[in-house]
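Colleague: Got a minute to go through this one with me? I'd like to hear how you back up the labels you put on things.

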Amino acid sequence: MAVPIRLRVNGVWVHAAQSAVAVDAAPRTGSELLEQMIRKISAAFVAEGVPGNIAHVQAWAIARQLGCAEFLNADSLLSLPDVKQIAYQQALDVSIRGTQVCLHKTTTYKAQGRDALTQVVDLGVTFSTKCSYGGLGDTWRLEAQVTHAAVRLGGSLESDVLLTSDELVQRAGMHFKVPRAPSGFWECVMQVLSRLAGLLGKRGVEVVVGHAEALASLTAVERPPQLDLAHLDEDFDRSALLVSVRQDYGWWNNGVAEYQSIDGHVFRDNYLLDEDLQFEAYMANGEARADRQASLLLEKRQLTAGDDLRAGDRLAPASCTYRFAAQYLTQAVLAAQMRETLLEDLEATLGGDLFRYSMTNHHFITLGGANILSPHKAEWLEYAQRLRRQERAQTAEGSASAAELSEPRRRVDTCAPAPHLAGLSVAEQITEVKKRLVEAVVERIMEAFRGDFVRAWGVLAALAYAEKASQHVVIQGDGGPQFLNGHYEMRQISIFISNPTRPEVPCNAFIKFYSSQTPLCEHGEVRFGRTTIKRDRFKVARMSSFSFWRVTDDDDYTLVNAGYSGKFALNDSATPPRNQPLA
């Protein structure tokens, strides 16, 4: 049975069995562990000046080694083969230091049926990144190297290797070439390097054989402290036979990979990375930019984000932004088709604002320049207006008495378009009217496509998911802020449908989304990456955004244009911002 590997990251043991409730809780699955490691390594690289998208893909390349059996078992090639011993314990220590990720694995072996250690194998590997090509900033080299390797033999194995000449010694001699040909241990190290081919390179090493206490002039291999491995202590290290390799000075040829960012795309050794990893890198770069925006705001006390931040006239986002947004929307639509949740998602996206704007002159959704509902659903709009008044009266901080509330409630009941609604509570009536208003929007879209549901589907799906795609990919991917917890938002959606006169000509629909936001509620917050700032800290906090989409007959979604602009200024409040801990 394989011996489990205990993992420690920056001095903290990772216990996968814990419940991941807190933001920085231990992972419950291997995929959660991978995501946490990627975030930790990427954040460290970004702090040292590595571009966010490159930092993410390099962190991904490093972190995934923690799930690679070939990588994790490479140290077994250094172990002296002996049928009478078994693997006992394994510990992997990961230390993230700036642009370096240092891994140290320790494996202990014991004799079958006994607790005494017979062998301890230590292997150190360091991954590092550095800017290439004269520090231009868009090319970073990821390197990996074996920094040290050591085998300590104790008990009978030590005496067998040094003193006897039986079959065991012959096998040990073939493995280590000890003590007659100490340089032969390099062959074992070469096997390790071969197993880690593609990531690890070669370096000159110095080979030493002897007891640790007799090697005062040598810097012995130091394992990380407090690994909590049973029976492994200073007494064992002092008494065991040490076979060790360490870095030597001299030329070496390391296996490297070069990562380059061009127009938002990441290339590894001149090959474009796959789309899923590209999108993850794109979003990670956005979070890194948002963190810098937060730092700039806290330092300068004011910030202009988005379009006005760029030099000169408005500069369109990188070309990959439009592609990623379209892919994000397409995936959301496909997921809705599988779950059959389009109508439910439309209610969640549009219902609240259709109800909210019912008693205003604001045209929330227009079709061909006219309000999509008025006058087609006048009775439902009037009903929604009375419900809205009733809702506001009930939440007016107790200023209205029960007698004062009874008359508005009676008027609501009398104008209910459907008889069964009169017996429901106000909250239940509001839920019902939101559904009916959304159904009215669906009917109007169907009428615009002359009852062709297949062609209408694309526009309805865009109404449900396109604005979210724009906010997530365009704004967050660019490092823009997010307004949270009861912010005030003014939305407007404009739909234009071109019905061709000839059937062979494709039908195009164009949808424009517009939004302006302020954190009006006292609990409102604005988040920049991992930093969240409360409403009371802002003197000014507002942002507007737009996106323009084209939908064709074959449900092809194209983001034609998008942008956002925000103004922020802090007051002298002492309320500190909240920083999300790295998971």
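Colleague: What makes the pairing of the H104 and D122 side chains a polar contact?

Modeller: This is a predicted model, so bear that in mind. The H104 and D122 side chains come to 2.8 Å, and the cut-off for a pair of N or O atoms is within 3.5 Å. The side chain of H104 also makes a polar contact with the side chain of T106, at 3.2 Å.

Colleague: And why is H104 called buried?

Modeller: H104, found in strand β4 (residues 100-111), has 5% relative accessibility. Buried means under 20%, so H104 counts as buried.

Colleague: How do you know whether H265 is buried or exposed?

Modeller: H265 lies in strand β10 (residues 265-268). Its relative accessibility is 13%; the limit for buried is under 20%, so H265 counts as buried. Its side chain joins that of R323 through a polar contact of 3.2 Å. Among the residues H265 touches are Q260, L272 and C320.

Colleague: Now the helices. Why is α1 called oblique to α2?

Modeller: The axes of α1 (residues 30-47) and α2 (residues 52-63) come within 8 Å and cross at roughly 135°. Roughly perpendicular stops at 115 degrees and roughly antiparallel needs over 145, so α1 is oblique to α2. The crossing is right-handed.

Colleague: Which residues meet there?

Modeller: From α1, they include L34, I38 and F45; from α2, A55, H56 and W60 are among them. By class, the contact has eleven nonpolar, four polar and no charged residues.

Note on methods:
Residues are numbered from 1 along each chain as its sequence is written. This is a predicted model: local features need pLDDT of at least 70, side-chain atom pairs count only at pLDDT 80 or more; totals for chains, interfaces and linings use all residues. Side-chain values use heavy atoms; hydrogens and water are left out. Axes are lines fitted to C-alpha atoms, for helices over the stretch in contact, and angles run from 0 to 180 degrees between N-to-C directions. Helices (H or I, at least four residues) and strands (E, at least two) are DSSP runs, numbered from the N terminus. Angles under 35 degrees count as roughly parallel, over 145 as roughly antiparallel, 65 to 115 as roughly perpendicular and the rest as oblique. A crossing is left-handed if the near helix is turned anticlockwise from the far one by less than a right angle, and right-handed if clockwise. Contact means heavy atoms within 4.5 Å. Ala, Val, Leu, Ile, Met, Phe, Trp, Tyr, Cys and Pro count as nonpolar, Asp, Glu, Lys and Arg as charged, and the others, Gly among them, as polar. Buried means under 20% relative accessible area, exposed over 50%, partly exposed in between (1.4 Å probe, protein chains only). A polar contact is a pair of N or O atoms within 3.5 Å; within protein, one must be able to donate a hydrogen and the other to accept it, and residues adjacent in sequence count only if both atoms are side-chain atoms. Lists of a residue's contacts leave out its neighbours within four places in sequence.
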